[in-house]
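Visitor: I'd like to look around this protein with you. Could you show me the sequence and the model?

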Amino acid sequence: MKALRLVIIEDEEAHFQLIRRAIVKELPQADIYHFQDAGAFLESLHQICPDIILVDYRMPGMNGIEFLMHMRRAGNEAPIIMITGQGDEKIAVQAMKAGASDYIVK
């Protein structure tokens, strides 16, 4: 069985480490790829072919909604979960309409 390829796009190192720690606790065999901004990830998308993507709402270069729209236009089918410290219901609705599989407040 191949390892789950999971991408975390999070610009704050402390938040990335917390998310990573929680994932490793439940999925120790997962391959975790970390990017501080969406642009860097998009350059590596086809090399990684992620099984799931966790993306922060606020990040350098583009926000999470813009990222979701870009990924769907590109035809990527990987589930995308938006994570945010902002917890805004309006953003949650936008994220779900843009194709997020889920929306989680940090």
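Visitor: Which element gives the most residues to the largest nonpolar core?

Guide: Keep in mind that this is a predicted model. Its largest nonpolar core holds 26 residues, and those with the most contacts inside it include Ile9, Phe41, Phe67 and Met82. Two or more residues come from each of β1 (5–9), α2 (38–48), β3 (52–56), α3 (64–73), β4 (80–84) and α4 (89–97). The element that gives the most, with five residues, is α2.

Visitor: Which residues does Phe41 touch, leaving out those up to four places away in sequence?

Guide: Phe41 is among the residues with the most contacts inside that core. Leaving out residues up to four places away in sequence, its partners are Val7, Ile9, Phe35, Pro50, Ile53, Phe67 and Met71.

Visitor: How many residues are in the second, separate core?

Guide: Leu6, Ile8, Ile23 and Ile81 are included in this second core. Its total is nine residues.

Visitor: Now the sheet: which strands are at its edges?

Guide: Five strands form an open sheet with parallel pairing, in the order β2-β1-β3-β4-β5. An edge strand here pairs on one side only. The two are β2 (31–35) and β5 (102–105).

Visitor: What is the bridge partner of Val7 in β2?

Guide: β1 and β2 pair in the parallel sense, over five bridges. For Val7, the partner in β2 is Tyr33.

Visitor: What angle does the direction of α4 make with that of β5?

Guide: α4 packs on the sheet, where it touches β4 and β5. Its direction and that of β5 make an angle of about 150°.

Conventions
Residues are numbered from 1 along each chain as its sequence is written. This is a predicted model: local features need pLDDT of at least 70, side-chain atom pairs count only at pLDDT 80 or more; totals for chains, interfaces and linings use all residues. Side-chain values use heavy atoms; hydrogens and water are left out. A nonpolar core is a set of buried Ala, Val, Leu, Ile, Met, Phe, Trp, Tyr and Cys residues joined through side-chain atoms within 4.5 Å. Buried means under 20% relative accessible area, exposed over 50%, partly exposed in between (1.4 Å probe, protein chains only). Helices (H or I, at least four residues) and strands (E, at least two) are DSSP runs, numbered from the N terminus. Contact means heavy atoms within 4.5 Å. Two strands pair if DSSP finds at least two bridges between them. Axes are lines fitted to C-alpha atoms, for helices over the stretch in contact, and angles run from 0 to 180 degrees between N-to-C directions.
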